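Hi,

Here is the structure I promised to pass on. Have a look at it first, and then read on for what turned up.

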Amino acid sequence: MKKIFVSLFILSLFYMVQPVFAQEVVAPANKQVVNNVDFSKSYKTNSENLLYLLLAAINEHNYLIEEIQFKTGSVLFKAYTKEFIASVSAQDGYNSFVKIIPADNNYNFSPALIEKLHSYIELNNNISFQKIL
């Protein structure tokens with residue numbers, strides 16, 4: 001009889017521990033999870049022109065530019081109390097792409113932010129910047 005109680009006790013311990021490992025991580029209901037958003041997009045322009053278009057897009061939507069690194073082609077900006085990193089890279093002489101990601105790797109934000117920047121770049125892609133000096 002004692003062996004039966006001990007074995008039932010041990011089985012109940014394994015049964016009780018199992019739900020702890022089966023918990024799912026659920027996103028909070030008040031935050032929107034980003035799905036199916038193009039974080040990187042390719043454009044038919046050189047990387048320097050695309051960097052200036054990106055800066056113009058960030059400025060157009062009144063986001064705060066915190067840091068610009070022209071040598072690496074990256075921009076750190078803040079939008080709606082959240083920091084983002086945008087980087088511009090050249091694919092070849094005529095094509096380049098921009099990648100916009102959150103700085104803290106927390107993807108709980110509205111996808112409209114990234115779509116606004118990409119649509120501004122697409123609409124003004126025919127503008128080419130040139131040096132004055």
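Is Tyr63 buried or exposed? It is a predicted model we are looking at, and in it Tyr63 has a relative accessible area of 7%. The cut-off for buried is under 20%, so Tyr63 counts as buried. You'll find Tyr63 in the loop between α2 and β2, the strand of residues 64-69.

What does Tyr63 touch, if you skip residues up to four places away in sequence? The list is Ile58, Phe77, Lys78, Ala79, Tyr80, Leu113, Lys116 and Leu117. Lys78 is worth a click: 15 residues separate it from Tyr63 along the chain, yet their C-alpha atoms are 5.9 Å apart.

Now the overall layout. The chain has three helices and five strands, and from the N terminus they come in the order α-β-α-β-β-β-β-α. Of its 133 residues, 26% count as buried. If you take contacts between residues at least 6 apart in sequence, 57% of them join residues at least 24 apart. As for the surface, about 9800 Å² is exposed, with carbon and sulfur atoms supplying 57% of that area.

Next, the helix pair. Two packed helices are described by the angle between their axes and the distance between those axes. Here the pair is α2 (residues 47-60) and α3 (residues 112-123), whose axes come within 9 Å and cross at roughly 125°. How do they sit relative to each other, then? Angles from 65 to 115 degrees would be roughly perpendicular and those over 145 roughly antiparallel, so α2 and α3 are oblique to each other. Their crossing is right-handed.

Which residues make that contact? On the α2 side they are Leu50, Leu53, Leu54, Ala56, Ala57, Ile58 and Glu60, and they meet Leu117, Tyr120 and Ile121 on the α3 side. By type, the contact of α2 with α3 has nine nonpolar residues, one charged and no polar ones. Two names here also came up with the loop tyrosine: Ile58 and Leu117 are among the residues that Tyr63 touches.

Another residue on that list, Leu113, sits in helix α3. Leu113 has a relative accessible area of 5%, so this one is buried too. Leaving out neighbours within four places in sequence, Leu113 is in contact with Tyr63, Ala79, Tyr80 and Phe84. Its C-alpha atom lies 9.9 Å from that of Ile100, a residue 13 places away along the chain.

Last, a couple of backbone oddities to look at. Asn62 has a phi near 60°, which is a positive value in a residue other than glycine. Asn62 belongs to the loop between α2 and β2, where Tyr63 is also placed. Is Asn62 buried or exposed? With a relative accessibility of 70%, Asn62 counts as exposed, whereas Tyr63 is buried.

Tyr80 has a positive phi as well, near 55°, and again the residue is not a glycine. Look for Tyr80 in the loop between β3 (74-79) and β4 (82-90). At 59% relative accessibility Tyr80 counts as exposed, and Tyr80 is one of the residues in contact with the buried Leu113.

Cheers

Notes. Residues numbered from 1 in each chain as written. Predicted model: local features only at pLDDT ≥ 70, side-chain atom pairs only at ≥ 80, totals over all residues. Heavy atoms only, no water. Axes fitted to C-alpha atoms, helices over the stretch in contact; angles between N-to-C directions. Helix = DSSP H or I, 4+ residues; strand = E, 2+ residues; numbered from the N terminus. Parallel < 35°, antiparallel > 145°, perpendicular 65-115°, else oblique. Left-handed = near helix turned anticlockwise from the far one by under 90°. Contact = heavy atoms within 4.5 Å. Nonpolar A, V, L, I, M, F, W, Y, C, P; charged D, E, K, R; others polar. Buried < 20%, exposed > 50% of the residue type's maximum accessible area, 1.4 Å probe, protein only. Areas by Shrake-Rupley, 256 points an atom, 1.4 Å probe, with all protein chains shown as cover.
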